[in-house]
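Here are some exercises to work through with the model open beside you. Try each task on your own before reading its solution.

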Amino acid sequence: MKRLFDVTASALALLVLSPLLAAAAVAVRLSSPGPVLYRARRIGRHGVPFTMFKFRTMHVANTQGSVITSSSDARVFPLGRLLRALKIDELPQLWNVLRGEMSIVGPRPEDPKIVADHYDQLGHETLTVLPGLTCPGSVHFYTHGEQLVDDGDPETAYVRRLLPIKLALDVIYVRQMSLWYDLRLIARTAWTILQIAVGRRNFPEPMEMAAALQLRNGTMNAPVTE
């Protein structure tokens, strides 16, 4: 059922959003020299690497920078900042969903280095399902990441302050996943994007946060459902 939903939803979204995708592609090409798409190597289900597609939002550089982007990262060009804020840069991943490498809802796929160096038992549990476009951890990152990731060393701040709770939030999803939960998360994500688009900056913690903290502390004794 989940795969049928993913194929139907991604195909329909690609069709409906094709004018927006085309406009974004042209805008990226005109805004910054280089390819329209950024091909990111990520770790998928069962630890299998794959290539994830995004609209490029950074200037092409000769050297590899941090794999985590802070809110004031100079590599991001102005249009790219808008695409990132509205999550339009993530829309090419609908193709990854159609190909069966991702799902609409699932833990966000991470860079191979972060998985190899920083994934604990909970982190590896998130690799038992297909990665997705959205999940409780990614919504939390979207609403709270700017406050938690230090501009001076965003990668270190990310793995110390944000990654552990992000993984715990996503494990809550993995253990309770259902089509109804997916639909609620899609609606929650769309509402969050809309709120940020109109200027909102302060958000409450996600409803899964209490259970995620219990999970990190090894005290969780009850399931969480939405």
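**Before you start**

This is a predicted model, in which local features need pLDDT of at least 70 and side-chain atom pairs count only at pLDDT 80 or more, while totals for chains, interfaces and linings use all residues. Residues are numbered from 1 along each chain as its sequence is written, and side-chain values use heavy atoms, with hydrogens and water left out.

**Exercise 1. Find the enclosed space and describe its walls.**

Step 1. How many cavities of 30 Å³ or more does the structure hold? The structure holds one. A cavity here is a set of points, on a 1 Å grid over the protein atoms alone, where a 1.4 Å probe fits but cannot get out; lining residues have an atom within 4 Å of a point.

Step 2. The largest cavity contains about 60 Å³ of space. That volume is the space filled by probe spheres set on the grid points, which are joined across faces, edges and corners.

Step 3. Now look at the walls: Ile 43, Gly 44, Arg 45, Pro 107, Arg 108, Pro 109, Glu 110, Tyr 119, Thr 126, Leu 127, Val 129 and Pro 131 line the largest cavity.

Step 4. Sorted by type, the lining of the largest cavity has seven nonpolar, two polar and three charged residues. Ala, Val, Leu, Ile, Met, Phe, Trp, Tyr, Cys and Pro count as nonpolar, Asp, Glu, Lys and Arg as charged, and the others, Gly among them, as polar.

**Exercise 2. Follow Arg 108 from the cavity wall to its salt-bridge partner.**

Step 1. Arg 108 is one of the residues lining the largest cavity. The side chain of Arg 108 also meets that of Glu 90 in a salt bridge, at 3.0 Å from N to O. A salt bridge is a side-chain nitrogen of Lys or Arg within 4 Å of a carboxyl oxygen of Asp or Glu.

Step 2. Where do the two partners sit? Glu 90 is in the loop between helix H3 (78–85) and helix H4 (93–98), and Arg 108 is in the loop between strand E3 (103–105) and helix H5 (112–118), so the pair, 18 residues apart, links distant parts of the chain. Helices (H or I, at least four residues) and strands (E, at least two) are DSSP runs, numbered from the N terminus.

Step 3. Are Glu 90 and Arg 108 buried or exposed? Both are buried. Buried means under 20% relative accessible area, exposed over 50%, and partly exposed in between (1.4 Å probe, protein chains only).

**Exercise 3. Compare this with a salt bridge inside one helix, then return to the network.**

Step 1. Asp 117 and Lys 113 meet through their side chains in a salt bridge of 3.4 Å, N to O.

Step 2. Both Asp 117 and Lys 113 lie in helix H5, four residues apart, which is about one turn of the helix.

Step 3. Asp 117 counts as partly exposed because its relative accessible area is 49%. Lys 113 is partly exposed as well, at 44% relative accessibility.

Step 4. Elsewhere, salt bridges that share partners join Lys 54, Asp 89, Glu 90 and Arg 108 into one network. In total, the structure holds 12 salt bridges.

**Exercise 4. Place Asp 170 and list what it touches.**

Step 1. Asp 170 lies in helix H8 (residues 154–176).

Step 2. Its relative accessibility is 1%, so Asp 170 counts as buried.

Step 3. Which residues does Asp 170 contact, leaving aside its neighbours within four places in sequence? They are Pro 107, Arg 108, Thr 126, Cys 135, Pro 136, Gly 137 and Ser 138. Contact means heavy atoms within 4.5 Å.

Step 4. Asp 170 and Ser 138 are 32 residues apart in sequence, yet 8.3 Å apart in space, C-alpha to C-alpha.

**Exercise 5. Find the positive phi values.**

Step 1. Most residues other than glycine have a negative phi.

Step 2. His 46, not a glycine, has a positive phi of about 60 degrees. It is found in the loop between strand E1 (37–43) and strand E2 (49–55). His 46 is exposed, because its relative accessible area is 62%.

Step 3. Lys 87, also not a glycine, has a positive phi of about 65 degrees. Lys 87 is found in the loop between H3 and H4.

Technical notes
1 Å grid on protein atoms, 1.4 Å probe; cavity = no way out; pocket = protein on both sides within 12 Å on 5 of 7 lines; lining within 4 Å.
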